Every structure is written in structure tokens, then in C-alpha cells.
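Visitor: I would like to hear the reasoning behind the labels, please. Could you walk me through it?

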Amino acid sequence: MRAPPVEMACQELVELVTEYMEGTLRPSERLRFEAHLRRCDGCTRYLEQMRQMIAALGRLPEEAIPEQIKQNLLQAFRDWRNSARG
Amino acid sequence: MRLYQTDDELVGALRRGEETAFATLLDRYYGPMLRLAMTQVHNRAHAEDIVQEAWLGVVQGIDRFESRSSLRTWISHILLNIARTRARRERRSVPFSALEAGDGDAGPSVAPDRFFPDDHPRWPHHWASPPRSWGPSPEERLLSKETQGVIERAIVALPDTQRAVITLRDVHGLTSPEAAHLLGITEGHQRVLLHRARSKVRRALEEYLGDPLR
């Protein structure tokens, strides 16, 4: 199998972004990846935007529990506790 | 003083029958559990049923909980077991073509026409149309209700397993081994799904944020 060219191209980098962030790239690949980043504004921005997106995903609001459901489940908890105490 | 900061405190209080501990658990995890259930079934009412059934499972199982996993992971595990059973039932009653189970496509993360072709004299496979700036304060823009709506819709549009992975990893912040274990897949497979999911959501965001008027 032919080895990839020494310098990584942008189209290859965007497919390796997740593995890079997960820390699962082979050391030689990681070096190629970072070498390319240093000389490519487009890929630097791509990685930065990916990180910003992931941070935004982590801040998505979650729904609050509806009061009726909360009361029903608290009752179920009381029932369990009271039956356990016999 | 904030009550119940650690799993141990919560579990101990629950076992003692302290209602405030269970109320804390409900407040903290109901929303995330509903979101997780929605990655497994397509019907919101079914998702709400799954969540309630899972909470009953939590109440009944709290004495058996061992700290091998976090409380959060354990609750997620209960929920996913219940969801898997219900999803199987749902698939049997809905035409197969209407549901998209499975991993989804294996297309490129970025449209090939964004890059110079292989025979370009100077920059083959380099950006022809690089990513445009998302403005001076992208973090702020990403927090707006409108942009969060774009993100939510992009997540809903993902194939089931991609949606589950990105929810567990990026929305809920679970680790790679935690997410892989919960979904019953290898970490490698999970990583591929995560990559595809992130690429799709990024594309939706780029399309939306790329408009200088927004």
C-alpha cells in the first residue's frame, strides 16, 4: 500500500479531526496533522469551529420535569420507602 | 450549603428514603433522560413513558446499585434497556421504511467541491473554499436560541445511532468507554459514528452561520 504524501492535505485532515481530538491518531499521523495545522488557516479555523460546536452541544438546555410527573414519581418513591420499612 | 454533591451522598440519602434526594435526582436528570430516550424512539409520548418506567426502575434498584459506574451511567443504562425493548416493539408496528435504524451514510465530512482537485498544479486536496468566519464572538452566537434550534434540528435529523452517540458524548459529556459500553458497541465504531454526526451538525451550522446577515 502506497504511503500517504509527507504533507497532509486539508481534505485528509477533516476526516481525521475526530480521531485527533480523541487522541487516537498514531504519533506519526498526529505530527503530520499538527504540522499541517501550523501552515493552514483554513484547517485551523475548521478545528476551532469544531471545538466551538462541541462546546455549544454541551450547553444545550434540557427540559424541566413537569410538576405532575414529578409528584407522581415522588409518590412512587414514598410507596417504595414505606413498603421497604414494612 | 448545597446538598448531595457526590454520588455517594445521593445514594446514601436515597437508601435512607430521603425524599429530597430523589427530588434532586429528578430535577437533575429528567431532562437528560428524556433527551436520551428521544434518541431511541421517534415518538415523544413513548419517550416520556420510557423515562417514567426508567425512574421506577431506579427506585426499585437503588439498593442494588454498586459504585462501579457513576449514578448517571447506571440510570442511563436502565433507561436504554427499557428503550431498546420499546423500540423493538415500535419497529414492529411501524412500516420499516419509515424508520431509519442503523449507522447512516459513509459520505465525506465536507463536500468534495470545497477542495481543489487531485490534478491542481499547486494545492491538490487543499481548501478551495475554506470555512468562513463565524463572526467576532462565535461562542455567543452559538448560545442564541435560534442557533440552538438549528443544532437541535440537526441532531434530530441524524440517523439513530449517530444521534445517540453525539448526545451521549457531546451533549451529555460521557467518556468514550462509557458511551460505547452503554450503546453496546466498540469504542472504534463509536468514534466513527461520532465523526459522522459531528460533521453533519457542523455542516448545518456552517450553512446557518455562514449567512453574514444573521
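Visitor: What makes A:Cys10 count as buried or exposed?

Guide: Happily! This is a predicted model, where local features need pLDDT of at least 70 and side-chain atom pairs count only at pLDDT 80 or more, while totals for chains, interfaces and linings use all residues. Side-chain values use heavy atoms, without hydrogens and water, residues are numbered from 1 along each chain as its sequence is written, and chains are lettered from A and ligands numbered from 1 in the order in which they are written. Buried means under 20% relative accessible area, exposed over 50% and partly exposed in between, with a 1.4 Å probe and protein chains only. A:Cys10 has 1%, so it is buried.

Visitor: And why is A:Cys40 called buried?

Guide: A:Cys40 has a relative accessibility of 10%, so it counts as buried.

Visitor: How do you know how many disulfides the structure holds?

Guide: A disulfide is a pair of cysteine sulfur atoms within 2.5 Å. The closest cysteine sulfur to that of A:Cys10 is in A:Cys43, 3.8 Å away, so it is too far for a bond. For A:Cys40 the closest is also in A:Cys43, at 3.7 Å, again too far. Over all chains, the count is zero.

Visitor: Which residues of α2(A) are buried, and why do you say they line one face?

Guide: They are A:Glu29, A:Arg32, A:Phe33, A:His36 and A:Leu37. Viewed down the helix axis they fall within an arc of 135 degrees, so they line one face. The face turned away from them carries the exposed A:Pro27, A:Leu31, A:Arg38 and A:Arg39.

Note on methods: Helices (H or I, at least four residues) and strands (E, at least two) are DSSP runs, numbered from the N terminus. The arc is that of the directions from the helix axis to the C-beta atoms.
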